[in-house]
Amino acid sequence: MTIRTTRTIVSFANPFVLQGLEHAQPAGEYVVLTDDEQIEGLSRIAYRRVATLLQTPARPASQPPIQSYAISQTELDAALMKDRHQTVVRH
């Protein structure tokens with residue numbers, strides 16, 4: 001089983017909420033780690049998403065400096081679209 005991890009940065013212009021996070025998160029840039037597993041036995045290389053993690057600054061500061069939360073990729077995509085829509089409407 002081969003797993004590849006991709007690191008991307010997403011940017012929110014407005015505060016946002018995702019299921020699985022303890023609090024609303026402030027606007028800013030966030031690291032997203034995605035793990036994709038290679039599907040064996042196909043005639044071409046294909047992957048399936050097995051995990052999406054969002055890294056956030058720790059709250060309160062007494063915790064480790066970065067915390068990772070398992071999130072839904074679909075929910076993240078919807079939150080990013082909503083954020084873009086809110087930003088366009090405000091301008």
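This report walks through the fold, the core, one strand pair, the salt bridges and a surface patch of the chain shown above.

## Overall fold

The structure is a predicted model. The chain holds one helix and four strands. Starting at the N terminus, the order of elements is β-β-β-β-α. So the four strands come before the helix along the sequence.

The chain has 91 residues, and 29% of them count as buried. Its accessible surface is about 6,300 Å². Carbon and sulfur atoms account for 55% of that surface.

How do distant parts of the sequence meet? Take the contacts between residues at least 6 apart in sequence: 45% of them join residues at least 24 apart.

## The nonpolar core

The largest nonpolar core has 13 residues. Which of them touch the most other members? They are Phe-12, Phe-16, Leu-18, Leu-54 and Leu-76. Three elements, β1, β2 (28-38) and α1 (73-90), each supply at least two residues of this core. The helix α1 gives the most, with three residues.

Leu-54 is worth a look in the 3D view. Set aside its neighbours within four places in sequence. Leu-54 is then in contact with Phe-16, Leu-18 and Leu-21. Its contacts also include Tyr-30, Val-31 and Val-32. Further along the chain, Leu-54 touches Gln-67, Ser-68, Tyr-69 and Ile-71.

## Strands β3 and β4

Strand β3 covers residues 47-57. It pairs with β4 in the antiparallel sense, over five bridges. One residue to find here is Gln-55, whose bridge partner in β4 is Ser-68.

Strand β4 spans residues 66-70 and has two unlike faces, one covered and one uncovered. Which residues lie on the covered face? Gln-67 and Tyr-69 do. Ile-66, Ser-68 and Ala-70 make up the uncovered face. In a regular strand the side chains alternate between the two faces of the sheet.

Thr-56 sits in strand β3. Is Thr-56 buried or exposed? Its relative accessibility is 3%, so Thr-56 counts as buried, a label that needs a value under 20%. Beyond its neighbours within four places in sequence, Thr-56 is in contact with Gln-25 and Tyr-30. Thr-56 also touches Pro-65, Ile-66, Gln-67 and Tyr-69. Among these partners, Gln-67 and Tyr-69 belong to the covered face of β4.

## Salt bridges

How many salt bridges does a search of the whole structure find? The search finds three. The table gives each pair with its N to O distance.

| Pair | N to O distance |
|---|---|
| Arg-4 and Asp-36 | 3.5 Å |
| Arg-49 and Asp-36 | 2.6 Å |
| Arg-48 and Glu-37 | 3.1 Å |

Start with Arg-4 and Asp-36, which form a salt bridge. Arg-4 lies in strand β1 and Asp-36 in strand β2, so this pair ties together parts that are 32 residues apart in sequence. Arg-4 is partly exposed, at 39% relative accessibility. Asp-36 is buried, with a relative accessible area of 5%.

Asp-36 also meets the side chain of Arg-49 in a salt bridge. That pair links strand β3, where Arg-49 lies, with strand β2, where Asp-36 lies. The two residues are 13 apart in sequence. Arg-49 is partly exposed, with a relative accessible area of 43%.

The remaining pair is Arg-48 and Glu-37. Arg-48 is in strand β3 and Glu-37 in strand β2, eleven residues apart. Arg-48 is partly exposed, at 41% relative accessible area. Glu-37 counts as buried, at 14% relative accessibility.

Which residues are joined into one network? Salt bridges with shared partners join Arg-4, Asp-36 and Arg-49.

## A patch on the surface

Which residues form a nonpolar patch on the surface? They are Met-1, Ile-3 and Val-50. Together they have about 330 Å² of accessible area. Met-1 lies in the segment before β1, the strand of residues 3-12. Why is Met-1 called exposed? Its relative accessible area is 73%, and the label asks for over 50%.

How values were computed: Residues numbered from 1 in each chain as written. Predicted model: local features only at pLDDT ≥ 70, side-chain atom pairs only at ≥ 80, totals over all residues. Heavy atoms only, no water. Patch = residues over 30% accessible without salt bridge, like charges linked within 9 Å, V, L, I, M, F, W, Y side chains within 5 Å. Areas by Shrake-Rupley, 256 points an atom, 1.4 Å probe, with all protein chains shown as cover. Salt bridge = Lys/Arg side-chain N within 4 Å of Asp/Glu carboxyl O. Buried < 20%, exposed > 50% of the residue type's maximum accessible area, 1.4 Å probe, protein only. Core = buried A, V, L, I, M, F, W, Y, C linked by side-chain atoms within 4.5 Å. Contact = heavy atoms within 4.5 Å. Pairing = 2+ DSSP bridges.
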